[in-house]
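Reader: I would like a close look at a single part of this model, a strand and what surrounds it. Please work from the strand outwards.

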Amino acid sequence: MANRSQLGFQDASSPIMEELIEFHDHALMVALTICSLVLYLLTLMLMEKLSSNTVDAQEVELIWTILPAIVLILLALPSLQILYMMDEIDEPDLTLKAIGHQWYWSYEYTDFKDLSFDSYMIPTTELPTGYFRLLEVDHRIIIPMESLIRMIITADDVLHSWAVPTLGVKTDAIPGRLNQTSFIATRPGIFYGQCSEICGANHSFMPIVVESVPLTHFETWSSLLVS
């Protein structure tokens with residue numbers, strides 16, 4: 001959950017989000033280095049008189065041709081690695097299907113029989129004390145922590161997007177198409193997200209709440225719902 005006046009990312013709760021934050025910091029350091037170098041060269045050119053050595057130096061031209069290619073490689077390699085990690089789905093421990101509607105989410109635990117529910121935002125007038133306005137739902141998604149979760153995401157009417165920032169997940173929900181992604185919640189907690197695709201008048205009222213619990217608690221919860 002983001003804090004007021006927070007400038008950085010939320011605390012990562014999945015390995016993918018940890019990698020994304022690390023890559024973000026890596027890219028910022030590269031950009032800071034480039035900006036510092038360019039500022040230094042501009043200052044040097046303004047303070048010093050131009051000469052033929054600075055205008056016609058072939059060595060300098062060779063450096064500023066090769067250096068950007070090296071910088072791009074330094075950015076591309078970790079980026080491609082993260083992309084492959086996000087697309088790779090091995091054998092999931094749990095498969096969960098999310099269906100976007102105007103304007104609520106439906107969830108189906110496909111590994112269980114008759115375990116599905118709709119998730120609506122709790123209106124402000126009915127919100128219990130201490131809960132977050134516009135982010136709480138009447139039915140949370142319960143998942144076991146430290147387990148590979150496969151999300152199958154689609155929509156029933158218009159485009160939606162299932163996004164939980166702290167888990168590093170953002171996947172479009174498209175009518176007539178099944179998109180999938182995966183994540184692992186590395187710690188117990190409650191993680192908030194929202195629909196991230198403009199889907200109509202009540203687009204702002206489609207929150208997502210994922211609750212990560214130990215495996216024994218998840219088994220107890222699922223057995224109560226199935227029975």
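Author: What follows starts with one strand, then turns to a cysteine, to aromatic rings and to the domains.

The model is predicted. The strand in question is β6, residues 160-164. Five of its five residues are buried, so β6 is largely enclosed by the rest of the structure. In a regular strand the side chains alternate between the two faces of the sheet. Here both faces are covered: one side carries His160, Trp162 and Val164, the other carries Ser161 and Ala163, and all of these are buried.

β6 has pairing partners in β7 and β9. Strand β7, residues 169-173, runs antiparallel to β6 and is joined to it by five bridges. Within this pairing, Val164 has Val169 as its bridge partner. The hairpin of β6 and β7 has four residues between the strands, and Gly168 in this hairpin takes a positive phi near 70°. Strand β9, residues 189-195, also pairs with β6 in the antiparallel sense, over two bridges. There the bridge partner of Ala163 is Gln194. Val164 and Ala163 sit on opposite sides of β6.

Next come the cysteines. The sulfur of Cys199 has its closest cysteine sulfur in Cys195, at 3.9 Å, which is too far for a bond; a disulfide would need the two sulfur atoms within 2.5 Å. The structure as a whole holds zero disulfides. Cys199 counts as buried, because its relative accessibility is 4% and the cut-off for buried is under 20%.

The aromatic residues give another view of the packing. The structure holds ten aromatic pairs. One of them is Tyr107 with Phe117: the ring centres are 5.9 Å apart and the planes stand at 50°, so this pair is tilted. Tyr107 belongs to strand β2 (residues 104-109) and Phe117 to strand β3 (residues 116-119), so the pair ties together parts that are ten residues apart in sequence. Both rings belong to buried residues: Tyr107 has a relative accessible area of 1%, and Phe117 has 13%.

The pair of Phe132 and Tyr192 leads back to β9. Its ring centres lie 5.3 Å apart with the planes at 80°, so the pair is edge-to-face. This pair links distant parts of the chain, with Phe132 in the loop between β3 and β4 (141-144) and Tyr192 in strand β9, 60 residues apart. Phe132 is partly exposed at 35% relative accessibility, whereas Tyr192 is buried at 10%. Strand β9 thus holds Tyr192 and also the partner of Ala163 in β6, Gln194.

Tyr107 and Phe117 are also members of one aromatic cluster, together with Tyr109, Phe112, Phe218 and Trp221.

Last, the setting of these elements in the chain. The domain assignment gives domain 1 as residues 15-87 and domain 2 as residues 94-226. Their centres, taken over C-alpha atoms, are separated by 39 Å. The contact takes five residues from domain 1 and six residues from domain 2. According to an unreviewed UniProt entry, residues 91-224 are covered by the annotation "domain: Cytochrome oxidase subunit II copper A binding". Over those residues the chain is 7% helix and 45% strand, and the end C-alpha atoms are 26 Å apart.

Conventions:
Residues numbered from 1 in each chain as written. Heavy atoms only, no water. UniProt positions renumbered as here; feature names shortened; annotations may be inferred. Buried < 20%, exposed > 50% of the residue type's maximum accessible area, 1.4 Å probe, protein only. Pairing = 2+ DSSP bridges. Phe/Tyr/Trp six-rings, centres within 6.5 Å; stacked < 30°, edge-to-face > 60°. Domains from an automatic or database assignment. Contact = heavy atoms within 4.5 Å.
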